[in-house]
Amino acid sequence: MATINDVAARAGVSTATVSRTLNGKSTVDPVLAARVQAAAAELGYHPNGLARNLRRQETAVLALIISDVENPFFTAIARGVEDIAQTAGYSVVLCNADDNEEKERRYIDVALQERVAGVVLSPTGRATNVDRLTQRGTPVVAVDRPLLENTGDQVLVDTRLAARDATRHLLDGGYRRVACVSGPSGVRTADDRLAGYTDAVGAGHALTRRAEFRAEGGRLAALSLLDEPEPPDALLVGNSTMAIGVLEALAARGLRSGQDVGIVSFDDAPWTTLIDPPLTVVAQPANEVGKVAAELLLARIGDSTRRATTTTLQARLIVRRSSRRD
């Protein structure tokens, strides 16, 4: 593969002249510029765009740091970001923080080292800190979970309202002892879903368990609730990954969703319509979250003086048979 030195030698000029010519600088003598262009064509030389951007302290790359790549909600966000970024000529590097604060810090370091143009971030929790990015002038947009400082652009979903409405749906369906399986304390979405549930049942009637947003966390939380002296007859579940564990717990106890225990879960994963009975879900607009976040990030890259905005989208309850006794 030809190098800039090869072109310079073929044209009989310095590498600086080659660089200025191929970058379109008008200060190069036209005769020399013609020799450089001819030499580059003969050798099949093309400038290294990435290296050139690095020298300018920027790359046409966005970093997307999400909490859990196995969660369909976050993969849908990733698709939304990528669709918008590609149209604008940007590539996207996907980083899976795995809800781990140390992994998140390392990926932020990588974003700084690679001089990405901007970052879309789903914060792991209270300890998430983007000061190093903002100090470097790297734009950041938070998705799903706000940054603790509550500054900068962010795209959220009103999951407190959605959790309240989902809980009321179960109560209106005749379930009388509704419990909630939510995520870890300190994670904003988990706290909001628990608060929405409590809004519906009242603080004096709340029956809750908190666990990791994982299948095993959901399974253990559900088993613990089913072991209560007065077990719940319905469950609001924090996400679709936890719902897998909850359904495993019901099967282990010989219980059927809907008839024995009503179930509503956040997130409309592809498998939720394939089980019997199909799962009632709170569908979040994950793809739209990603698209709006990418649009905000690109606008911020274009104009760093823009006023920060918070976009709050609405979730949608999709009623299926897991929340009905018939």
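# Exercises on a three-domain model

A search of the whole structure finds 0 disulfides, a disulfide being a pair of cysteine sulfur atoms within 2.5 Å. This is a predicted model, in which local features need pLDDT of at least 70 and side-chain atom pairs count only at pLDDT 80 or more, while totals for chains, interfaces and linings use all residues. Residues are numbered from 1 along each chain as its sequence is written, and side-chain values use heavy atoms, with hydrogens and water left out.

**Exercise 1. Find the domains and state how far apart the centres of domain 1 and domain 3 lie.**

Step 1: The domain assignment gives domain 1 (4-47), domain 2 (53-157 + 286-314) and domain 3 (159-284). Such bounds come from an automatic or database domain assignment.

Step 2: Between the C-alpha centres of domain 1 and domain 3 there are 66 Å.

**Exercise 2. Work out the strand order and the edges of the parallel sheet.**

Step 1: Begin with the terms. Helices (H or I, at least four residues) and strands (E, at least two) are DSSP runs, numbered from the N terminus. Two strands pair if DSSP finds at least two bridges between them.

Step 2: Six strands form an open sheet, ordered S2-S1-S3-S4-S5-S11, with parallel pairing. At its edges are strand S2 (91-96) and strand S11 (310-313), each pairing on one side only. The twist from one strand to the next averages 15 degrees; axes here are lines fitted to C-alpha atoms, for helices over the stretch in contact, and angles run from 0 to 180 degrees between N-to-C directions.

Step 3: Look inside the sheet. Strand S1 (residues 61-66) and strand S3 (residues 118-121) are joined in the parallel sense over 4 bridges, and Leu-64 has Val-120 as its bridge partner in S3.

**Exercise 3. Now describe the sheet with mixed pairing and the helices lying across it.**

Step 1: This open sheet of 6 strands runs S7-S6-S8-S9-S10-S12. Strand S7 (208-210) and strand S12 (316-318) each have a single partner strand, so one side of each is left without a neighbour in the sheet.

Step 2: S9 and S10 pair in the parallel sense over 3 bridges; Phe-266 finds its bridge partner, Val-282, in S10.

Step 3: Add the helices. H8 lies across S6, S8, S9, S10 and S12, at about 165 degrees to S9. H11 lies across S6, S8 and S9, and its angle to S9 is about 160 degrees.

**Exercise 4. Which residues have the most contacts inside the largest nonpolar core?**

Step 1: A nonpolar core is a set of buried Ala, Val, Leu, Ile, Met, Phe, Trp, Tyr and Cys residues joined through side-chain atoms within 4.5 Å. Buried means under 20% relative accessible area, exposed over 50%, partly exposed in between (1.4 Å probe, protein chains only).

Step 2: The largest core has 40 residues, and Tyr-197, Leu-235, Leu-236, Val-237 and Ile-263 have the most contacts inside it. Among the elements that each supply at least two residues are helix H9 (188-201) and strand S8 (234-237).

Step 3: A second, separate core of 25 residues includes Leu-62 and Leu-296.

**Exercise 5. Is Ser-257 buried or exposed?**

Step 1: Locate Ser-257 in the loop between H11 and S9.

Step 2: Ser-257 is buried because its relative accessible area is 9%.

Step 3: Leaving out residues up to four places away in sequence, Ser-257 touches Leu-247, Leu-250, Ile-263, Pro-277 and Ser-322, where contact means heavy atoms within 4.5 Å.
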